[in-house]
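Colleague: Please take a single part of this model and look at it closely, in words that a first-year student can follow. Then set that part against the rest of the chain.

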Amino acid sequence: MAGHVPGARGRRLSAGQQVGAYTLLRQLGSGAAADVWLAAAPGGARVAVKRLLANASPAAERALAAEVAVLARLEHPGIVRLLSSGRTGGRPWFVMEVLDGMDGLALGERLRARPVAERVQRVRETGVQVAEALAYLHRSGLVHRDVKPANVLWAAGRAVLADFGLATAEGTDADGFAGSVGWAAPEALLGARPAAAGDQFSFGLVLYWLLTGSRP
């Protein structure tokens with residue numbers, strides 16, 4: 001799916017532009033290599049579009065292609081769904097379901113204002129859902145490598161694991177550390193090969209943080 005984007009040679013997109021068949025509405029986030037936008041599909045449904053910036057490196061393009069390949073393999077209610085992918089203006093993009101809710105950072109802030117018993121119950125319920133998603137991912141031979149509150153989304157009564165930009169096959173050669181320092185397992189920081197145990201360690205940190213507001 002491809003189409004003309006006004007100003008396609010520019011670094012940033014803007015609301016109203018087209019990416020493939022999708023109309024951009026507002027920016028949800030941006031980084032050094034890609035922007036993420038809320039967009040409207042042809043039928044009016046809301047989706048999220050991630051597209052490389054014009055100055056993105058070849059390595060960033062390979063990483064985006066790898067993220068698409070990972071998401072295309074996965075189908076689980078606890079993992080964000082890939083809907084489409086393509087190239088526009090010479091740059092790749094892909095489309096995901098958009099989740100109208102909150103991430104783990106916002107949930108943690110909200111829970112800390114609630115009674116302890118309610119907080120524990122909510123963390124138990126959502127933690128089970130994330131654990132099921134991670135178990136499915138690991139059974140598929142993949143490791144997320146960046147499990148942290150910002151990458152766990154809560155919407156429509158379900159917890160969903162998102163951002164698979166660093167996901168890779170378990171046991172692959174590690175090219176240095178990849179992830180978020182404050183949420184990574186010690187062996188990951190030392191450059192160990194990606195393993196399910198690292199995701200499990202990070203998940204434990206997320207649960208601890210949701211309950212207490214701090215890391216161990």
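Modeller: I will take helix α5, then the elements around it, then other parts and the whole chain. This is a predicted model, in which local features need pLDDT of at least 70 and side-chain atom pairs count only at pLDDT 80 or more, while totals for chains, interfaces and linings use all residues. Residues are numbered from 1 along each chain as its sequence is written, and side-chain values use heavy atoms, leaving out hydrogens and water.

Helix α5 covers residues 196–212, which makes 17 residues. Helices here are DSSP runs of H or I with at least four residues, strands are runs of E with at least two, and both are numbered from the N terminus. From its first C-alpha to its last, α5 reaches 24 Å, close to the 24 Å expected; the expected span is 1.5 Å times one less than the number of residues.

Which residues of α5 are buried? They are A196, G198, D199, S202, F203, L205, V206, W209 and L210. Buried means under 20% relative accessible area, exposed means over 50%, and partly exposed lies in between, with a 1.4 Å probe and protein chains only. These buried residues pack against α2 (104–111), α3 (116–139), β8 (142–143), β9 (152–155) and α4 (186–189), where contact means heavy atoms within 4.5 Å. Just after the helix, G213 has a positive phi of about 85°.

One of those neighbours, β9, belongs to a sheet. Three strands form this open sheet in the order β7-β9-β10, with antiparallel pairing; two strands pair if DSSP finds at least two bridges between them. At the edges stand β7 (102–103) and β10 (158–161), each with a single partner strand, so each has one side without a neighbour in the sheet. β7 and β9 are joined by 2 bridges, and D103 has L153 in β9 as its bridge partner. α3, another neighbour of α5, packs on this sheet by touching β9 and β10, and its direction makes about 40° with that of β10. For this angle, axes are lines fitted to C-alpha atoms, for helices over the stretch in contact, and angles run from 0 to 180 degrees between N-to-C directions.

Other strands pair earlier in the numbering. Strand β4 (residues 46–52) is mostly covered, with 6 of its 7 residues buried. It runs antiparallel to β3 (residues 34–40), to which 7 bridges join it, and one pair of bridge partners is A34 and L52. The hairpin of β3 and β4 has 5 residues between the strands, and G44 there takes a positive phi near 100°. β4 is also joined to β6 (residues 91–97) by 5 antiparallel bridges, with K50 and F94 as bridge partners.

Finally, the whole chain has 5 helices and 11 strands. Its radius of gyration is 18 Å, close to the 17 Å that the globule rule gives for 216 residues, so the chain is as compact as a globular protein of that length. This radius is taken over C-alpha atoms, and the rule is 2.2 Å times the number of residues to the power 0.38. The C-alpha atoms fill a box of roughly 50 × 40 × 25 Å along the principal axes. Of the 216 residues, 42% count as buried.
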